Amino acid sequence: MDNLISGFAILAQWQVMVALIIGSVGGVIIGALPGVGAAVAIAILLPATFAFEPIVGLTLLLGIYGSSMYGGAIPAILINTPGTAVNALTTYDGYPMTKRGEGHRALSLAYSASFFGGIFSILCLIVLSPVLARVAPHFGSREIFLAAFMGILLVILAHRGQTFSAAMLAFFGIFLNTVGLEPVKYTRRFTFDQTWLSSGVDLIVVVLGLFAISQALLLLVDKEHAPGEAHVRGNIFTGLKELLGLKRIATVSSSLGVLMGMVPGTGEFTSQFLSYTYAQKTSKNPDAFGKGSPEGLVASEAANNAVPGAAMIPLLALGIPGEALTAMMLSVFYVHNVIPGPQLFAEQMDFVMALYMALILLNVVVLIFLLFSTNLLLKIIQIPTRFLGIMILTLSFVGVYSLRNSITDCAIAAGFGVFGLILKRLNLPIVPIILGMVLGGIMEVKLRSAMARVKSPLDFIDRPIAAILFVMILGIILLHIRSLIQEHKDRVKPQPVLDEDTTQQG
Amino acid sequence: MIAKTLQDMFRRYRRPGDIVFATLFFLFSLFLLSQLGSETQVVKRTKWFAQPALWPTIAIWGMVVFSGLHLLSSFLSPRIPGRLREITFWLKSLEYVVYFLIYVVAVPWLGYLPSTILFAALLTVRLGFRLPGAFCIALVFGAVVAIVFRALLQVNIPAGRVYEYLPDGLRAFALTYL
């Protein structure tokens with residue numbers, strides 16, 4: 001109870017409230033703009049938040065993270081253009097509903113499902129907190145090493161059809177993290193006798209290059225994409241009532257969102273895929289999916305909005321980010337010397353409580369904001385995409401340059417910008433690089449400290465949690481091999497029509 | 001028969017230009033592998049798990065193996081037309097990288113506010129927004145960004161050297177807020 005009151009006191013500071021409102025409202029606007037996602041905004045704002053108190057900086061970033069998907073649903077439903085990548089599935093059922101004159105109903109359902117998913121995941125986080133506080137201290141170096149390894153493995157295997165590229169990019173991320181002066185034996189690694197490489201490659205510089213500058217370059221070089229115009233009338237909160245009739249789908253989808261959010265390396269896309277498949281298989285009207293099914297819309301939006309809250313679980317309890325956005329947030333913790341992990345729950349539970357309450361509040365703020373602003377947002381998204389490119393490039397400068405006023409950093413970020421542009425054009429994943437950098441660093445440190453205390457390799461897994469993690473890793477690998485064999489068998493079966501575009505790699 | 005099986009196993013969905021990227025990345029990985037011995041050290045009286053060379057070795061071998069497989073799958077997939085157009089698109093982005101780097105170099109000299117306004121305005125013209133309205137929006141955007149980040153959020157960006165030549169009263173203000 002003391003922690004709750006103390007957490008409330010932290011949250012009640014005016015700076016935190018301002019950050020919450022700016023983050024939530026800004027997140028909705030950013031999410032609604034096709035071409036600008038939460039990752040771009042967080043990457044740009046990250047260095048600016050270093051000057052704030054950790055709770056202020058994190059609330060701002062969490063606000064953007066948690067609210068961008070609300071905004072992304074608007075263009076996805078009304079003009080068939082997802083505001084953020086994770087709203088792509090929303091277009092399947094949202095836009096057909098708009099075409100048959102039910103845009104208002106679709107938006108209303110999407111907001112309601114998003115709100116349900118968001119609140120559901122935070123409640124899970126709160127309910128799980130005592131368990132986390134009890135389990136987290138049992139995570140020693142070897143358990144954290146194994147959890148980080150599992151994260152890398154999952155992020156690679158989660159990219160179905162792109163496993164090789166995801167693996168090579170994850171290893172590239174691990175490599176980037178090793179560049180520079182190594183902190184234990186003080187040897188240089190891949191510095192090529194260049195002083196500017198001695199301090200290593202900064203994660204934020206890479207993040208800004210890969211997410212923000214690459215997006216700016218993409219918008220600047222590509223031809224103009226003008227989003228269509230749309231207008232919506234009526235009370236958009238009637239969907240809350242309709243959602244009650246779809247509460248089974250909303251609950252299962254949110255649960256899948258929570259589950260996938262907690263598992264490092266998976267996230268929104270996997271949770272959406274699972275929840276959409278579940279909704280379709282259990283529906284009385286499965287043929288309506290993809291043609292404007294309210295169930296499909298709810299499954300998609302509830303699942304993706306349940307992820308941000310759940311993604312905070314491995315970050316706060318173990319210091320392990322599950323995806324790119326939480327990896328960026330980890331740097332805010334580090335800059336302020338707040339080390340997320342088991343100690344955080346033991347020593348700063350009030351801080352954790354304040355974060356939970358901020359997450360709940362941001363969902364409420366977003367819902368209220370959307371009540372008045374949907375049509376205004378539809379006007380804002382008419383900004384020409386190439387002008388958006390100018391805005392992102394200009395703002396990217398602040399992010400990189402304010403770190404240490406280094407022209408070299410800006411040049412490296414620009415280089416990663418071009419690299420990111422190529423990856424985006426080729427439809428290759430960027431997230432494995434970021435997770436490789438962050439989890440690679442964690443694995444290096446934890447392996448060193450864990451192995452110093454074990455006599456034989458088997459000792460590494462002689463503790464219950466380490467053994468469970470090890471079995472899970474084996475299980476993931478075996479399941480993947482099984483699915484590959486199954487795919488191969490399906491391929492060699494004679495098929496009436498060969499589809500050239502749907503082949504999978506190993 | 002073996003070739004057919006390989007093709008079935010590795011063929012995948014891809015975009016034009018994929019093979020160029022796959023080749024370049026594989027060559028980059030091989031280059032790093034060739035430098036592994038000289039760019040990392042094996043330290044005496046240190047166990048394997050604490051060797052500074054351990055993680056670069058794991059990472060680079062991982063890059064080599066998987067970029068090799070990625071390249072193989074590119075080779076075995078049907079060719080998609082539009083490779084040259086795609087590479088031209090990548091190269092076109094370098095023009096904006098150059099503008100960005102000029103802007104980066106200009107800030108410590110001209111100051112954040114003037115450089116940002118100029119950068120936004122010139123890019124607007126470069127992109128073909130000829131209406132006075134668009135130009136004004138770019139000017140206002142540049143000014144707002146500079147004022148919000150430097151004056152209000154006090155983000156760490158140095159004052160421009162040209163501010164030193166401003167009249168006394170304005171100089172102190174410009175050095176602190178612009």
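This report looks at chain B, its contact with chain A, the main nonpolar core and two residues with unusual backbone angles. Keep in mind that the model is predicted.

**Chain B on its own**

Chain B is a helical affair: it has seven helices and zero strands, so its pattern along the sequence is simply α-α-α-α-α-α-α. It isn't balled up, either. The radius of gyration of chain B is 26 Å, whereas a compact globule of 178 residues would come in near 16 Å. Along the principal axes, the C-alpha atoms of chain B occupy a box of roughly 80 × 55 × 25 Å. Buried residues account for 31% of the 178 residues in chain B. As for contacts in chain B between residues at least 6 apart in sequence, 68% of them link residues at least 24 apart.

**Where B meets A**

How many residues does each chain bring to the contact? Chain B puts in 64 residues and chain A 58 residues. On the chain B side, six helices each supply at least two residues: H1 (2-10), H2 (18-39), H3 (54-76), H4 (83-110), H5 (112-126) and H6 (132-152). H4(B) gives the largest share, with 14 residues. Sorted by type, the residues on this side of chain B are 42 nonpolar, 14 polar and eight charged.

**The largest nonpolar core**

The largest nonpolar core holds 215 residues, and those touching the most other members are A:Ile42, A:Ala43, A:Leu61, A:Ala170, A:Phe171, A:Val298 and A:Ile392. Helix H17 (residues 349-380) of chain A provides the largest share of this core, 17 residues. Chain B takes part too: domain 1 (2-81) and domain 2 (92-177) of chain B each contribute at least three residues.

For a closer look at one member, take A:Val298. Setting aside neighbours within four places in sequence, A:Val298 has contacts that include A:Leu109, A:Ala113, A:Leu243 and A:Leu246. The contacts of A:Val298 also include A:Ile249, A:Ala250 and A:Ser253.

**Two residues with positive phi**

A:Phe190 and B:Arg45 each have a positive phi without being glycine. Here they are side by side:

| Residue | Phi | Loop | C-beta neighbours inside 10 Å |
|---|---|---|---|
| A:Phe190 | near 50° | between strand E2 (188-189) and helix H9 (195-198) of chain A | 22 |
| B:Arg45 | near 55° | between H2 and H3 of chain B | 4 |

Which of these counts as buried, and which as exposed? A:Phe190 counts as buried because it has 22 C-beta neighbours inside 10 Å, and the cut-off for that is 20 or more. B:Arg45 has 4 such neighbours, so B:Arg45 counts as exposed, the limit there being 12 or fewer.

How values were computed. Residues numbered from 1 in each chain as written. Chains lettered and ligands numbered in written order. Predicted model: local features only at pLDDT ≥ 70, side-chain atom pairs only at ≥ 80, totals over all residues. Rg over C-alpha atoms; globule rule 2.2 N^0.38 Å. Contact = placed C-beta atoms within 7 Å. Nonpolar A, V, L, I, M, F, W, Y, C, P; charged D, E, K, R; others polar. Core = buried A, V, L, I, M, F, W, Y, C linked by C-beta atoms within 7 Å. Domains from an automatic or database assignment.
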